[in-house]
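Trainee: Please give me a close look at the nonpolar core of this model. I'd like one connected walk-through, with cut-offs included.

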Amino acid sequence: MENRRPIQKIKMANTNDFTWAWWANKQSASDTDDRSIMIGNRYGNTGVENLEFIKMTPSKAAFSNTNDANQVEDYVYASLPTDQWHHYAMVKSGTSYQWYVDGVAQGSPVTINYNETSPIPFFIGGDGDNKPNEYFEGFIDDVVLHNR
């Protein structure tokens, strides 16, 4: 996809619940692909914080609204297999986050205290700033966003 544009701006707070779900088929086995963005983005410098993002990568979800890289909150999960279609979902309820693969919860929910006060863009397959190693190498289909 050459023209990546935000499909909407999202605003999240500890009181906002959501479910993000999508199908993905990772085509690259490289380690750099594990930093690529399936959905969400890496964004910054729109407010007082220079690290603002919500991103789901092939190996973890990362949440940040801070100036301190040591305060980025990660939810690490098993890396996506290559050349296979699977359904992925991240469900947030309060400060509890649960990762699902093919409809099955992966481990226990994780507590993350992420709170975004300014709307940030939502991208599919990478961000719009051409950052190296951040475009997802594979296929993504049927992305759905629910606010509950």
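**Inside the core**

Mentor: The accessible surface of the protein comes to about 7,600 Å², and carbon and sulfur atoms hold 46% of that (Shrake-Rupley method, 1.4 Å probe; for residues, only the protein chains shown count as cover). Keep in mind that this is a predicted model, where local features need pLDDT of at least 70, side-chain atom pairs need 80 or more, and totals for chains, interfaces and linings use all residues. Numbering starts from 1 along each chain as its sequence is written, and side-chain values use heavy atoms, with hydrogens and water left out.

On to the framework. You won't find a helix here: the count is zero helices and twelve strands (DSSP runs numbered from the N terminus, H or I of at least four residues for helices, E of at least two for strands). Buried residues make up 40% of the 148; buried means under 20% relative accessible area, exposed over 50%, and partly exposed in between, with a 1.4 Å probe and protein chains only. Take contacts (heavy atoms within 4.5 Å) between residues at least 6 apart in sequence: 60% of them join residues at least 24 apart.

Now the part you asked about. A nonpolar core is a set of buried Ala, Val, Leu, Ile, Met, Phe, Trp, Tyr and Cys residues joined through side-chain atoms within 4.5 Å. The largest one has 23 residues, and those touching the most other members are Trp22, Met38, Met56, Met90 and Trp99. Strands giving two or more residues to this core are β2 (18-26), β4 (51-56), β5 (60-66), β7 (86-93), β8 (96-101) and β11 (120-124). The largest share, four residues, is from β2.

Trp99 also turns up among the aromatics. The protein has ten aromatic pairs, meaning Phe, Tyr or Trp rings (six-membered for Trp) with centres within 6.5 Å; planes under 30 degrees apart are stacked, over 60 edge-to-face, and the rest tilted. One of the ten is Tyr88 with Trp99, which is stacked at 5.6 Å centre to centre and 20 degrees between the planes. That pair ties strand β7 to strand β8, across eleven residues of sequence, and both partners are buried. There's also one aromatic cluster made of Phe18, Trp20, Phe63, Tyr97 and Tyr114.

β2 has a charged-type residue worth a click as well: Lys26 sits in that strand. Lys26 counts as buried because its relative accessible area is 3%. Beyond four places in sequence, its contacts include Asp33, Asp34, Pro58, Leu80, Phe136 and Glu137.

β5 carries something else too. The model has one salt bridge (a Lys or Arg side-chain nitrogen within 4 Å of an Asp or Glu carboxyl oxygen), and it joins Asp74 to Lys60 at 3.2 Å, N to O. Asp74 lies in strand β6 (residues 73-76) and Lys60 in β5, 14 residues apart. Asp74 is partly exposed at 35% relative accessible area, and Lys60 is partly exposed at 28%.

Last, how far to trust it. pLDDT is the predictor's confidence in each residue, from 0 to 100; the mean is 80, and 78% of residues reach 70 or more. By element, strand β1 (residues 8-10) has the lowest mean, 55, and strand β9 (residues 104-105) the highest, 95. Residues 1-7 stay under 50 throughout. Where pLDDT is low, the predicted coordinates should not be read in detail.
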